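Q: I've just opened this one and don't know where to begin. Can you walk me through it?

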Amino acid sequence: MSEREIEIVRDFMSALDNNEQDIYEGYLSDNFVFSGWTPRPLDRHGFLEVVHALEEGFPGLTYNLHNVLEEGENRVSATWQVTGYQSNSFIIPVLGTPPIPQTAQSISMPSENVIYILGDEKIQRIEVEQIYGGGIKGLIAQLGIDIPIIQ
């Protein structure tokens, strides 16, 4: 493994932080899977739906990626700590949420460990370690909203 995988992860996350949709979408494989941060694993389309909804509600959302390390062939580990300010309402259809009203709340999520699995210079999987107060449920709870999320 080379530094290329780390560079791909850093570039992908930088594009995500900067809401550069055309760039970050290009880093995801067609069979991409996102797990751990949402109640059930999401495919590429579902992940992008969640990202777009969060960008709508939190235009300045940042993932604050750090501790990026090689973990073996095609595996990169990192930690992210999601922060942002909700300035708009949003809805996440793939998770069955009702419209989430604008609350003018800041969020600061706990640090979450993340594994990126790569192949053919694309990200094939992102696996987020589930922790108390983390994930989409923790984010919505920080807004002071109690809603069901589809399992």
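**A first look around**

A: Sure. Let's start with a loop: N64 lies between α3 (44-57) and β3 (66-70). Keep in mind that this is a predicted model.

Q: OK, what's the phi of N64 like?

A: Phi there is near 45 degrees, which is a positive value in a residue other than glycine.

Q: And is N64 buried or exposed?

A: In between, actually. N64 counts as partly exposed because its relative accessibility is 32%, and buried would need under 20% while exposed would need over 50%.

Q: Which other residue has a positive phi?

A: E121 has one, with phi near 60 degrees, and E121 is a residue other than glycine too.

Q: Where does E121 sit?

A: In the loop between β7 (112-119) and β8 (122-128). E121 has a relative accessible area of 48%, so E121 is partly exposed.

Q: Switching topic: what about the core? How many residues are in the largest nonpolar one?

A: That core has 48 residues. F12, W80, Y116, I123, I126 and L139 have the most contacts inside it.

Q: Which elements supply at least two residues each?

A: α1 (4-17), β1, α3, β4 (75-80), β7, β8 and α4 each do that.

Q: Which of them gives the most?

A: That's α1, with seven residues.

Q: You mentioned α4. Which residues does that helix span, and who's in it?

A: Helix α4 covers residues 135-142, and I140 is found there.

Q: Is I140 buried or exposed?

A: I140 counts as buried, because its relative accessibility is 2% and the cut-off for buried is under 20%.

Q: What does I140 touch?

A: Leaving out residues up to four places away in sequence, I140 touches I100, I145, I147 and I149.

Q: And how far apart are I140 and V82?

A: They are 58 residues apart in sequence, and 12 Å apart in space, going C-alpha to C-alpha.

Q: Last one: where's S35?

A: S35 is in strand β1, which runs over residues 28-35.

Q: Buried or exposed?

A: S35 counts as buried, because its relative accessibility is 13%.

Q: So what does S35 touch?

A: Again not counting residues up to four places away in sequence, S35 touches P41, R125, I126, E127 and V128. You've met I126 already: I126 is one of the residues with the most contacts inside the largest nonpolar core.

Notes: Residues are numbered from 1 along each chain as its sequence is written. This is a predicted model: local features need pLDDT of at least 70, side-chain atom pairs count only at pLDDT 80 or more; totals for chains, interfaces and linings use all residues. Side-chain values use heavy atoms; hydrogens and water are left out. Helices (H or I, at least four residues) and strands (E, at least two) are DSSP runs, numbered from the N terminus. Buried means under 20% relative accessible area, exposed over 50%, partly exposed in between (1.4 Å probe, protein chains only). Contact means heavy atoms within 4.5 Å. A nonpolar core is a set of buried Ala, Val, Leu, Ile, Met, Phe, Trp, Tyr and Cys residues joined through side-chain atoms within 4.5 Å.
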